[in-house]
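Let's take a walk through a protein model together. Keep the picture open beside you and look up each residue as we get to it.

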Amino acid sequence: MFKVIKTPPEQYGGDMAVYFVRQPTKKGAPKSTCKEAGQVLSRAFEAGDFLAKEEQTLMFYPEKSGKTRKRIKRVLIVGLGKDDFSREIFRKCGGAASLAALKTKARKIIVTIPEIKGFNRSELTECLVEGLFLGAYQFRKYKTNHDNNDEEEESAGIDEIALYAPDAAGVRKGLKRGSGAAEAVGVARDMANEPGNYWTPSRFADYGRELADKYGFKARILSKRDMKRLGMGGILGVSQGSDQPPEMVILEYRTGKKVPTLLIVGKGLTFDSGGISLKPAAGMGDMKYDMSGGAAVLAAMQAIGEERPKRVDIVAIVPATENLPGPSALKPGDVITHYGGKTVEVVNTDAEGRLILADALAYGVDKFKPDAVIDLATLTGAVIIGLGHHRIGMLSNDDKLAGRITHAGERSGELLWQLPLGPEYTKQLKSRVADMKNVGGRAAGTITAAAFLEKFVGDVPWAHLDIAGTAWNYTKKSYVPKGPSGIGVRILLELVRAWR
Ligand code: BES
Ligand code: ZN
Ligand code: ZN
């Protein structure tokens with residue numbers, strides 16, 4: 001989709017040329033390097049229509065001027081706002097450009113990378129590219145009308161984005177990082193967009209094998225038989241009500257050096273009906289997204305396979321199953337035994353995420369002896385009550401790890417907010433018949449869910465990211481379309497890139 005070009009935009013044909021402009025700090029119209037924009041910009045400014053505020057856009061249709069300008073259909077000027085430039089602003093402005101291209105069905109666009117004093121060109125390009133790519137994201141697999149004809153309202157997508165800047169080296173470097181991250185996010189969104197009747201646990205297994213083949217990861221996919229042998233009563237119990245066999249995907253990225261090991265675990269619930277504790281019908285279809293944590297983990301592995309980080313080994317585990325109320329389904333009151341021997345009274349079969357994660361975490365910690373563990377899961381509706389759709393809920397037993405993740409979240413524009421753990425919360429999980437129950441009441445639902453997981457990681461530094469509020473219906477951003485957001489992928493990647 002992307003390429004870096006040396007031909008200036010005036011000599012490059014296409015459907016849309018994009019320029020970014022700063023909002024002037026003093027009086028006067030914003031200025032652009034676009035030769036034809038001068039008049040239009042000052043008139044739009046005088047009319048009060050375009051001040052170059054963040055994400056503000058102005059489109060015009062240039063005359064074919066002399067020999068230089070090849071016929072370009074449209075010019076889009078995107079405002080960057082005044083100052084305090086951040087990584088997120090460039091993402092949002094890149095996203096705004098892509099949205100304008102989709103709206104006009106522009107398929108071939110050329111973007112002039114701006115020069116912003118005090119902001120590294122390669123980093124700026126990285127963020128713009130993330131915004132451009134992710135703003136252009138669409139999931140059209142099941143739309144049978146592939147032609148971009150006039151009757152169709154939607155664009156068929158952007159085919160080519162040419163990046164122009166005098167300093168091509170910096171741009172290339174930024175493009176590599178930005179497109180690596182953005183493509184992985186696209187992959188996570190694709191997995192989540194797939195319907196539950198296609199994206200089953202075995203698809204997770206297939207995709208894991210595919211990644212292993214492509215990038216040389218060691219792969220081990222635990223089957224139902226393996227799970228029985230290993231005593232994984234959590235994932236086995238949850239899968240009982242479904243005809244689809246459960247799978248546990250395990251991928252190992254090894255540097256071959258003596259470096260720390262990071263374990264990443266993602267909830268891969270390919271459809272959560274609630275089981276016997278059935279969910280209400282309204283909105284139940286969204287529960288095909290209950291595998292977003294698993295999607296983020298595998299998508300991150302794809303980017304890791306591409307980038308091959310040097311300072312950290314990474315093990316990824318995705319426990320994958322459906323949660324359905326079939327005749328053999330787990331029932332409220334049932335007692336299960338997890339990997340490692342802990343027993344749990346299942347008081348609500350809809351609190352299934354923690355049951356499958358418990359086995360994955362306990363097994364991962366036991367088998368791989370990681371130096372740190374991060375899990376991502378659409379775990380509780382309660383996190384939406386607490387933090388809305390704007391932040392990931394983070395719970396951790398280790399301040400240093402939590403700090404690292406917070407920093408990665410800030411850099412990637414995927415914000416987190418930490419909630420506490422503590423013995424008072426753990427106490428809510430006391431069971432009369434087993435070691436614990438799987439639900440601790442209505443109060444502090446996100447915290448008690450994490451307190452449950454905490455029991456399965458021992459003393460290893462661990463952080464749990466509850467992405468139930470952000471994996472879809474995420475806070476409105478130009479580069480996040482409706483539907484799955486692919487959240488978590490860029491946090492993981494940012495962490496791995498900075499690990500030392
Ligand atoms: N997958 C859901 C959590 C969820 C809810 C994600 C809404 C996104 C949006 C999870 O398995 C679940 O059902 N959790 C229950 C737990 C409860 C029974 C203690 C919940 O949050 O209601
Ligand atoms: Zn559930
Ligand atoms: Zn669930």
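**A tour that starts at the metal**

The zinc ion (ligand 3) has K267 (NZ), D272 (OD), D290 (OD) and E352 (OE) as its protein donors, lying 2.0 to 2.4 Å from it. Before we go on, keep in mind that this is a predicted model. The six donor atoms of the zinc ion (ligand 3) make angles of 76 to 174° with each other, and its site is octahedral. For comparison with a textbook drawing, ideal angles are 90 or 180 degrees for six octahedral donors.

Now look at where those donors sit along the chain. For the zinc ion (ligand 3), the spacing reads K-x4-D-x17-D-x61-E. K267 is in the loop between β9 (261–266) and β10 (268–272), while E352 is in the loop between β13 (343–345) and α9 (353–368), so this pair ties together parts that are 85 residues apart in sequence. Are K267 and E352 buried or exposed? Both of them are buried. For E352 the reason is easy to see: the residue counts as buried because its relative accessibility is 0%, and the cut-off for buried is under 20%.

Next, shift your view to the other zinc ion. The zinc ion (ligand 2) is coordinated by D272 (OD), D350 (O), D350 (OD) and E352 (OE), at 2.0 to 2.2 Å. Notice that D350 turns up with both O and OD in that list. Along the chain, the donors of the zinc ion (ligand 2) follow the pattern D-x77-D-x1-E. What is the geometry of the site of the zinc ion (ligand 2)? The site is irregular, with angles of 69 to 165° among its six donor atoms. And which residue bridges the zinc ion (ligand 2) and the zinc ion (ligand 3)? That's D272, and the two ions lie 3.2 Å apart.

From E352 we can step into helix α9, where L357 is found. L357 counts as buried because its relative accessibility is 0%. Leaving out residues up to four places away in sequence, L357 touches V265, G266, K267, P319, D375, A377, L379 and L453. You've met one of these already: K267 is a donor of the zinc ion (ligand 3). By contrast, L357 and A303 are 54 residues apart in sequence, with 23 Å between their C-alpha atoms.

A303 takes us to a pair of helices. The axes of helix α4 (residues 168–193) and helix α8 (residues 292–307) come within 8 Å and cross at roughly 145°. The crossing of α4 past α8 is right-handed. On the α4 side the contact is made by G180, A184, V187, A188, M191 and A192, and on the α8 side by S292, A295, A296, L298, A299, Q302 and A303.

Another pair of helices is worth a look. Helix α11 (residues 399–412) packs with helix α14 (residues 489–498) at an angle of about 115°, their axes being 8 Å apart. α11 passes α14 in a right-handed crossing too. Here R404, I405, A408, G409, R411 and S412 of α11 meet R490, I491, E494 and L495 of α14.

Time for a hunt through the cysteines. A disulfide is a covalent bond between the sulfur atoms of two cysteines. How many disulfides does a search of the whole structure find? Zero. Take C34: the closest cysteine sulfur, in C93, is 17 Å from the sulfur of C34, so the two are too far for a bond. C93 is in no disulfide either, as the nearest cysteine sulfur, that of C127, is 11 Å away. C34 is buried, with a relative accessible area of 4%, and C93 is buried as well, at 0%.

Finally, let's check some backbone angles. Most residues other than glycine have a negative phi. K369, though, has a positive phi near 45°. You'll find K369 in the loop between α9 and β14 (372–377), and K369 counts as exposed because its relative accessibility is 58%. A444 isn't a glycine, but has a positive phi of about 55°. A444 sits in the loop between β17 (436–437) and α13 (445–454) and is partly exposed, with a relative accessible area of 29%.

Conventions
Residues numbered from 1 in each chain as written. Chains lettered and ligands numbered in written order. Predicted model: local features only at pLDDT ≥ 70, side-chain atom pairs only at ≥ 80, totals over all residues. Heavy atoms only, no water. Donors = N, O, S within 2.8 Å, 3.2 Å for Na, K, Ca; no water. Tetrahedral: all angles 85-135°; square planar, octahedral: opposite > 155°, others 65-115°. Buried < 20%, exposed > 50% of the residue type's maximum accessible area, 1.4 Å probe, protein only. Disulfide = S-S within 2.5 Å. Axes fitted to C-alpha atoms, helices over the stretch in contact; angles between N-to-C directions. Helix = DSSP H or I, 4+ residues; strand = E, 2+ residues; numbered from the N terminus. Left-handed = near helix turned anticlockwise from the far one by under 90°. Contact = heavy atoms within 4.5 Å.
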